[in-house]
Amino acid sequence: MNEPEKMDLITIYILSRQYHVPAGSTILTALEYAGFKLKKGVGCREGFCGACASLYRLQGDYKLHGGLGCATVVQPEMQIVQLPYTPAPKAIYHLEELEPVPEVFTHLYPELYRCLSCNTCTKICPQDLQVMDYIQAAVRGDLEQAADLSFDCIQCGLCSARCPAEITQFNVALLARRLVGRYLAKKGKYVEDRIKEVEASKFTAGYQELQDLSPEDLKKRYFERELNNLIF
Amino acid sequence: MVRKIKLQAKNREFCRKISELSGEVVMLCEQCGTCAGSCPMSAEMDITPSQMIRLVQLGQEAVLENKTFWVCASCYTCTVRCPRGIDPAKVAEALRQVKLRQAIDYIQIDEISSEEAKKLPSVALVAAFRKMTG
Amino acid sequence: MIQIPYYPGCTLKNKASNFETSALAAARALGLELVELPRWNCCGAVFSLSSDDLMRHIAPTNIFLRVQEMNRDHLVEDEYRLVTFCSMCFNVLRRTNQRLRESLEDRNKINDFSYLETETYQGRVEIVHLLELLRSMGWDKIQERVHKPLTGLKVAPYYGCMLLRPKDVGIDDPERPTIQEELLRSLGAEPVDFPLKLRCCGSYQTVPDKDLVANLAYDILSRAQKAGAEAITTSCPLCAFNLDFRQKEIQEKYPMFLPIPVFYFSQLMAIAFGLPQEVFGLVGHYANPRTLLATKGYLQATSPLEGGEG
């Protein structure tokens, strides 16, 4: 019989209560080990959906840190709370009726102009984005820079929760990215070409062949498919 | 119009608070009225800048309900002309800040029409939000 | 070419882009390369007047740090002057710089708060308005560059507030300034003095109360017109908006009011220097500037109806 592995447990605080969890846990797995059943504040568990926004403090450090629950490894004496949702105003607009001009912000998100350039948003961003810089790009009307710098934003909401000017950074960025994607970004010619190919029935025969296969043959084909992308 | 007031500790406290927040020695004001005469916005004000300072000297918290310091455009004309070197613009800012820090905004951002918002240069919005929202 | 760090301010990048276009071109014609800060934020437009407020001084401090970074990265060489020409930005930057230089405690607090920055600010940067730079070059140097003197153009220089007040940050005497008149004379134009050239246009009150601003603008503009002005010149995009775009509200209230074009001083420089017409920046005006300029012969043959909505 195998001896159970001796786990290295560390002390952390969840909602100010002390727990002992395995070293190397993420905030999410630490919460689950401690007995919390996660229904909110959890999602893809791989740093992409922005659901598991968490706030934490470290021993001997006055700073308030922001991190993703799925991607932040717990440390001894860490104090943790989750912030699964930050209420945010979302302007209602129709993209087709907008123009890619700075004025979209003055009338859809006027609070943007309260920005103090204090960098509080940048300090809390779990994705290490230059949040203040993309907000200032929006203030300046530079939609492309706002879209570019905010590209990896996963809308976790921590910036908006901390912002003293009460701006909702991620919605401003979303508008910038949508406008750039729709009106300013270069259109990929390969997309147009591919659409033409599809309409010219280039792939019809191939799809029909797959649809005619038995489930066993389909499975065989799937596992033997050519993997030309490095996933790992 | 003559009004009788009795000065109490709370009046002294209000005067001290505004003096500290503005960084101005309001007790230096001799009520000469130069600021009132110079102010380009005085026609829109309910009390003149010098009356505003008088009320602060007397520690009358009711001055916070006046329109005067909201209509101030921070043009600093009073600042350069006061013979006693007081900066009434800073006193106006202190009164605004007392209100704004209680989360009482003078303008509601969502009340700006989208037509106006599209027309206004960003400098106007940034300045107005700094002076009139908290 | 002398290279100096340049801070545009947000408005010069959109609604007042004509101010930037004309000023950069005019500066270049004088051997000044105004190099924009590679990364910058809004200055905040107004200087925070509360004694205890440090938060609102962070934005300008960031800007001063960018000047230091430009030097560190050799985008300019040992140049700690920062040129700006939006009067609102100028006022806020110079006043904040003054406050930071006077208080070590404030500097320390802000530097400590901004821990993501790679450097600290200790007061090294000097804020310079473009008009001050021109004055220090000497008006005769400006005059030498004029190819098309603005002879017979009667221009009322409007100063507004932020260039001159308070006294210790102003670029000229707050009651009797002459710097814009000197510039206009060097360009060959005829400056028109009028009593309200120092009076506030209403500034940010244009947001909650456009009628108030329309009244103030009407007083200023009609006095200038009575003194014989054909055009107004300014150094502030907020003044330009209030004096130009609020002419719509003025005309509704005072139907006898005649529109008068409002220029940035740099636009008149570009015209007088004989630069290409595209850099005159005759876009984004309300009161049409082209009619007047065409009449005086400063424009190539184009439709006189372009360039203004009014």
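Select residues 9-102 of chain B and colour them as domain 1, then residues 107-134 as domain 2; these are the bounds given by the domain assignment of chain B. The model on the screen is predicted.

Next, display the C-alpha centres of the two parts: domain 1 of chain B and domain 2 of chain B have centres 24 Å apart. Turn to where they meet, and select the contact residues, of which domain 1 of chain B contributes 5 and domain 2 of chain B contributes 4. On the side belonging to domain 1 of chain B, these comprise 2 nonpolar, 1 polar and 2 charged residues.

Now show the whole of chain B as a cartoon. Chain B contains 8 helices and 0 strands, so the path from the N terminus passes through α-elements, in the order α-α-α-α-α-α-α-α. Aligned on its principal axes, the C-alpha trace of chain B extends over about 50 × 30 × 30 Å. The radius of gyration of chain B is 16 Å, which agrees with the value near 14 Å for a compact globule of 134 residues. Colouring by burial marks 44% of the 134 residues in chain B as buried. Of the contacts in chain B between residues at least 6 apart in sequence, 68% link residues at least 24 apart.

Finally, bring chain C into view and select its contact with chain B, to which chain C and chain B each give 34 residues. On the chain C side, highlight α8 (210-226) and α9 (237-245), each of which supplies at least two residues. The largest share, 4 residues, is that of α9(C). Coloured by character, this side of chain C shows 20 nonpolar, 9 polar and 5 charged residues.

Definitions and conventions: Residues numbered from 1 in each chain as written. Chains lettered and ligands numbered in written order. Predicted model: local features only at pLDDT ≥ 70, side-chain atom pairs only at ≥ 80, totals over all residues. Contact = placed C-beta atoms within 7 Å. Nonpolar A, V, L, I, M, F, W, Y, C, P; charged D, E, K, R; others polar. Domains from an automatic or database assignment. Rg over C-alpha atoms; globule rule 2.2 N^0.38 Å. Buried ≥ 20, exposed ≤ 12 C-beta atoms within 10 Å, placed from the backbone.
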